[in-house]
Amino acid sequence: MDKMNGAQLTIKLLERFGVDIIAGIPGGSNLPLYDALSHSTTIRHVLARHEQGAGFIAQGMARSSGRPAVCFATSGPGATNVMTALADAKLDSIPIICITGQVPQSLIGTDAFQEIDTYGMSIPITKHNFLVRSARELLEVIPAAFRIAGEGRPGPVLIDIPKDVQLEMIEFADWPAMPQRECVKHYRKQDILQAAAMINAAERPILYLGGGIRHGNAHDAAIRLAEKNNLPTTMTLLGLGSMPTNHPLALGMLGMHAARYTNLILEECDLLLVAGARFDDRATGKIAEFCPGAKVIHIDIDPGEINKLRTAHLQLVGDAGSVLAELLPQVESKNRQDWLNRMAFLKKENPFIMPGADDPCMPYGLIRQIAALADHETLIATDVGKHQMWVAQAYPFCRPRQLLTSGGLGTMGFGLPAAIGASLAHPQKTVVCFSGDGSILMNIQELATAVEQRANVKIFVLDNTSLGLVRQQQNLFFGKQYFASEYQHHVDFVTIARGFGMQAFALGASDDPVATLTKAMQTQGPCLVHVPIGRNEEVYPMVPPGAANKEMIGGENHASA
Amino acid sequence: MQALKESYPCPPSDASGQKVLELTVNNHPGVMSHICGLFSRRAFNMEGILCMPIGDGKLSRIWIQIAGNSHLDQIVKQLEKLEDVRSAVLHPAEHEVFAKLEEYFQGS
């Protein structure tokens, strides 16, 4: 018989399930958990400076590794602070497990100090959540949390543990095993044959890959299918890297900030083979006018995504990797010369225009220069805003899980802690964080965590002294009424980074920008590079929110006009 | 369990009539919040709800009345995704469970 308290049991279970890093912040209600954690020889604790940072550090570990990652927060403000990271994980289907302390059960419901209804508050932003009412329940709840976080469509799980449960002693005979994840497969062989027949019969098919490709490790199967049948392939923001950017069939990202040719060729397709994507409005534009002539085959592990926004002519509910692998032998080898010629023509007539691509002090030029200095193993995290879209458009991604970005929730402040998390999970790799002056300030306190952990994170702050995408919408759609989007006070990011104990470089003051960028990329440990960007550098093309994807503003090919 | 739970084909949508959904769920204090929260969050329209424990109290039965023109397919799929929902059965016609309760809901 093993005898221990609930907190010790929790830590032992986390150890047994392979957790080696936990990000978090202690407080009154989770001190027993921290006391138990202090005795762990296999789990390293990473002290964040804000619980949202801890949540995003866990996300960075989970997004880069594919394994569920754990974060800790105390009750009340600790729990409210971590909620944004949980909501972000929910919308991007990221497996994280958040364990919060709660006031003792005798005080629940009395408006006790640092008491908040963490369980109730986290229901809509988690895949599942638990309020643990006895130490014995932990033997079921913690294994279940790992199963739920990773099974099917992944997502965040919250476990709220009252302090008295953490301190309750229990005796038990057997340790629970890691539960098996159930395999999702709700299609028959004849569905695969029908899908293959539809693909073979299509004249203008397009493969549309989303974040589910990464979760299902389906990129190899997707690329082989595309190559065998010559399927032009587009990707969502979270799908980027599924097919390398330089692949001849790759069309890049679709939607609001896609290349013109990508949205234009989608207009013409007669079959859309969708895998692990959910028809998000930033990808589809006005859904009623998206791919108007296309039949849809929808592959997704979540049955709730089928027919949610776009009716599927054929649905294949299951793991994208398995479905695509089963499809492969059934589709014909095709050269599709007419369709690929059409794609080449649209690409030639409507190329992606990258102003300043040769100037490392301009957005596209900076991103291309960093890509040239990085290796294939380098991980790229972004914050949210113009810099994020420039990176999505211009960085040559070569594999899944290379890009860490907040897609569904679009959370400014995501980039720095996510980059730290990715670096902790992959200490041998360089992690580049592209951020903006708006985003970096939303979690800038984590610079301290980066220095403390010696995280190998290179932060590039693209500073346009404004909330760039907001300002761009005001420019295009609100009569240039730049209200509340331009910062009047300019922060000295280089001095701030140095104040945190980090090396910092000012690209605007550099005589040799390429040399400065090279030095930054070669710096041991964390560093920050400040990059001044003009307020008027916009992200083009742009589909107005709510408009059809063919209604793009900007990014025209004036060279051939 | 992510696998599709015991599910039944959705009856054709009936714009006028109401539908009744029968759920079997784990019985714990948070389960009603999960069900009601799903309806409000996804803008599904719930017209009535009844919940009582069944058997030894480990499970509860929930009856929900919904408008016939709702997105029945999405409602059932999203409910089945909830960890605490063991089964969801959509009854094709107006079920007598709410009819029998009518006398308790009289008056203005």
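How many salt bridges does the count come to over all chains? The total is 26 salt bridges over all chains, and the structure in front of you is a predicted model. This briefing starts where chain A meets chain B, follows the charged pairs into chain A, and then looks at a helix, some backbone details and chain B.

**Where chain A meets chain B**

- Chain A brings 23 residues to the contact, and chain B brings 17 residues.
- Together the two chains bury about 1,700 Å² between them, with carbon and sulfur atoms giving 53% of that area.
- Three residues are worth finding on the chain A side: A:Ile123, A:His128 and A:Pro303 supply 24% of the area that chain A buries against chain B, more than any other three residues.
- Polar contacts cross the interface too, with 7 residue pairs found between chain A and chain B, both partners being at pLDDT 80 or more.
- On chain A, strand E6 (128-131) and helix H6 (138-150) each give at least two residues to the side that touches chain B.
- Sorted by character, the residues on that side of chain A comprise 8 nonpolar, 6 polar and 9 charged.

**Salt bridges across the interface and beyond**

- Between chain A and chain B the count is 2 salt bridges.
- One pair to look at is A:Asp302 with B:Lys81, a salt bridge whose closest N and O atoms are 2.6 Å apart.
- A:Asp302 and B:Lys81 also belong to a network of salt bridges that links them with A:Arg153, A:Glu305 and A:Lys308.
- Within that network, A:Glu305 and A:Lys308 form a salt bridge, their closest N and O atoms being 3.1 Å apart.
- The two partners sit in unlike surroundings: A:Glu305 is buried because its relative accessible area is 5%, while A:Lys308 counts as partly exposed at 27% relative accessibility.

**Other charged pairs in chain A**

- A:Glu486 pairs with A:Arg535 in a salt bridge, and 3.4 Å separates the closest N and O atoms.
- A:Glu486 lies in the loop between helix H20 (468-477) and helix H21 (493-499), and A:Arg535 in the segment after strand E21 (527-532), so this pair ties together parts of chain A that are 49 residues apart in sequence.
- Both ends of this bridge are partly exposed, A:Glu486 at 22% relative accessibility and A:Arg535 with a relative accessible area of 24%.
- A:Glu203 and A:Arg204 meet through their side chains in a salt bridge of 3.9 Å, N to O.
- Here A:Glu203 counts as exposed because its relative accessibility is 56%, and A:Arg204 counts as partly exposed at 31%.

**Helix H2 of chain A**

- Which residues of helix H2 (residues 31-38) of chain A are buried? They are A:Pro32, A:Leu33, A:Tyr34, A:Ala36 and A:Leu37.
- These buried residues pack against two other helices of chain A, H1 (6-16) and H7 (163-167).
- They also pack against strands of chain A, namely E2 (21-24), E3 (44-47), E4 (69-73) and E5 (96-102).

**Backbone details in chain A**

- A:Tyr540 and A:Pro541 are joined by a cis peptide bond, with omega about -5°.
- A:Pro541 is placed in the segment after E21 of chain A.
- A:Cys291 has a positive phi, near 45°, in a residue other than glycine.
- You will find A:Cys291 in the loop between helix H12 (281-284) and strand E14 (295-300) of chain A, where A:Cys291 is buried with a relative accessible area of 1%.
- A:Thr465 is not a glycine either, yet its phi is positive at about 45°.
- The place of A:Thr465 is the loop between strand E19 (457-463) and H20 of chain A, and A:Thr465 counts as buried because its relative accessibility is 17%, with the cut-off for buried being under 20%.

**Chain B as a whole**

- Chain B holds 3 helices and 4 strands, which run β-α-β-β-α-β-α from the N terminus on.
- Of its 108 residues, 45% count as buried.
- Among contacts in chain B with a separation of 6 or more, residues 24 or more positions apart account for 74%.
- The area that chain B exposes is about 5,800 Å², and carbon and sulfur atoms supply 53% of that area.

Methods:
Residues numbered from 1 in each chain as written. Chains lettered and ligands numbered in written order. Predicted model: local features only at pLDDT ≥ 70, side-chain atom pairs only at ≥ 80, totals over all residues. Heavy atoms only, no water. Contact = heavy atoms within 4.5 Å. Buried area = accessible area lost by both parts, 1.4 Å probe. Salt bridge = Lys/Arg side-chain N within 4 Å of Asp/Glu carboxyl O. Polar contact = N/O pair within 3.5 Å; in protein donor to acceptor, adjacent residues only side chain to side chain. Nonpolar A, V, L, I, M, F, W, Y, C, P; charged D, E, K, R; others polar. Buried < 20%, exposed > 50% of the residue type's maximum accessible area, 1.4 Å probe, protein only. Areas by Shrake-Rupley, 256 points an atom, 1.4 Å probe, with all protein chains shown as cover.
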